[in-house]
Amino acid sequence: MTQTNSQSRLPLRESPRSICILRFSALGDVTHMTPVVRTLQREWPETAITWIVGKAEHALVGDIAGVDFRVFDKTAGLRGYRDLWRQLRGKRFDVLLHNQFALRANIASLGIRAGLRLGYDKARSRDFHGLFVNARIPPHPGQHVIDIYFSFIETLGVSRRHMVWDIPVPPEADAKARQWIPNGSPSLVISPCSSHHIRSWSAEQAATVAEHAVRQHDLQVLVTGSPAGHEQALCAAIAEQAAVPVTNLAGQTSIKETLALLGRATVVISPDSGPAHMANAMGRPVIGLYACTNPGRARPYYSGQWCVDKYDEAARMVHGKPASELRWGTKIERPGVMDLISAADVIERLDALMESGATHTGR
């Protein structure tokens, strides 16, 4: 089927029998995809949904009912592709939402049989993405990632949105989080790290914010991170440098326990990373730390007013031009960029948030 013929079928006249979603990483992006899946479940309840996700991402969303998850291990090289294709052998889908345009995803899509293969518009395509799709979403510059993901199903013909995440929290994970943050305990969770090391925030600055949170707002402070060595070291440095009690949970929580912990926080501080968007999914306000990435595209969806935005300053420092002149989605991942965000910047947002009483988002 040619791209012209496939494009002419859109929007669909009736709900398809089956949809395959190719969005296997990362945690933040998979979190963004969740309300899209929830919308499909509500608007097209008879449509069978298969979702190809990564191993870590499966640990977060893999217990969502009514979805057939297939795990792709992107770290396994050729074996990972073969395992995925073996899982999909004999299956054919009416629609593939080719939602990830990286070369690895394009190769993975070779094992997915689908009549309609919907991908990105030309302006947002990379790594020969256009060779792996036969229809495209319309161009729409300046969109947030969640809005981009919704444009896939809007192109199919789904006009309503259901901004519902409802990522399951197992009782044992909730019980563990309750031990760390008891009912009624005002708390600040600082998640200072990103898998992109250069997006992580300064231990010294975070420690200063922790001290202010305790002394000014009587908040219990917890820091969290993955078992990765650099994340454990950064979280340990925050706990050591702060002149107030700080509970260091780095490397001690599963993904579901982290989700439960974030859901019990009064406020979360995080750079552009999975926990920022997981906290948003749990309805918590997030003070997002944005210098390397554009908050207009990648902020916690309901916490834009609380973000510290140094992206334009970073663009001028690194590229010598304002952010408005950069291609939408450009990352400025250079040493020193996150140092543009000071403790004073974050304290100002924390004070404003606490004064407003906005301890729940508008979702």
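Buried here means under 20% relative accessible area, exposed means over 50%, and partly exposed is what lies in between. With that cut-off in hand, and bearing in mind that this is a predicted model, the tour can begin with a charged pair.

**First stop: salt bridges across the chain**

Select Lys176 and Glu257, whose side chains meet in a salt bridge with an N to O distance of 3.8 Å. Lys176 belongs to helix 7 (residues 171–180) and Glu257 to helix 10 (residues 255–264), so this pair ties together parts that are 81 residues apart in sequence. Glu257 has a relative accessible area of 15% and is therefore buried, whereas Lys176, with a relative accessible area of 29%, is partly exposed.

Next, select Asp345 and Lys310, where the salt bridge has an N to O distance of 3.6 Å. This pair, too, links distant parts of the chain, since Asp345 sits in helix 14 (residues 343–356) and Lys310 in the loop between strand 12 (308–309) and helix 13 (311–319), 35 residues apart. Lys310 is buried, its relative accessible area being 18%, while Asp345 is partly exposed at 22%.

Then move to Arg161 and Glu154, whose side chains form a salt bridge of 3.0 Å, N to O. Arg161 has 32% relative accessibility and so counts as partly exposed, and Glu154, at 32% relative accessibility, likewise counts as partly exposed. The structure holds 19 salt bridges, of which these pairs are examples.

**Second stop: strand 7 and its partners**

Select strand 7 (residues 187–190) and display its side chains: Ser187 and Val189 point one way, Leu188 and Ile190 point the other way, and all are buried. In a regular strand the side chains alternate between the two faces of the sheet.

Now add strand 8 (residues 220–223), which pairs with strand 7 in the parallel sense over four bridges. To find the register, look at Ile190, which stands opposite Val223 in strand 8. Following the chain from strand 7 to strand 8 takes you through helix 8 (residues 203–217), and this β-α-β crossover is right-handed.

Strand 7 also has a parallel partner in strand 10 (residues 267–271), to which three bridges join it. Here the residue to pick is Val189, which stands opposite Val268 in strand 10.

Returning to strand 8, select strand 9 (residues 247–248) as well; the two run parallel and are joined by two bridges. Leu222 stands opposite Thr247 in strand 9. The path from strand 8 to strand 9 passes through helix 9 (residues 229–241), and this β-α-β crossover is right-handed.

**Third stop: the nonpolar cores**

Which residues touch the most other members of the largest nonpolar core? Select Ile21, Trp51, Leu97 and Leu156, which hold that position among the 56 residues of this core. Helix 6 (residues 145–156) supplies the largest share of the core, with eight residues.

Centre the view on Leu97 and show its surroundings: setting aside neighbours within four places in sequence, Leu97 is in contact with Ile19, Cys20, Ile21, Leu22, Leu118, Phe152, Ile153 and Leu156. A second core of 44 residues, separate from the one just visited, includes Val209, Ala237, Ile269 and Leu353, and selecting these residues brings the tour to its end.

Definitions and conventions. Residues are numbered from 1 along each chain as its sequence is written. This is a predicted model: local features need pLDDT of at least 70, side-chain atom pairs count only at pLDDT 80 or more; totals for chains, interfaces and linings use all residues. Side-chain values use heavy atoms; hydrogens and water are left out. A salt bridge is a side-chain nitrogen of Lys or Arg within 4 Å of a carboxyl oxygen of Asp or Glu. Buried means under 20% relative accessible area, exposed over 50%, partly exposed in between (1.4 Å probe, protein chains only). Two strands pair if DSSP finds at least two bridges between them. A crossover is right-handed if, with the strands pointing away from the viewer, the path from the first strand over the helix to the second runs clockwise. A nonpolar core is a set of buried Ala, Val, Leu, Ile, Met, Phe, Trp, Tyr and Cys residues joined through side-chain atoms within 4.5 Å. Contact means heavy atoms within 4.5 Å.
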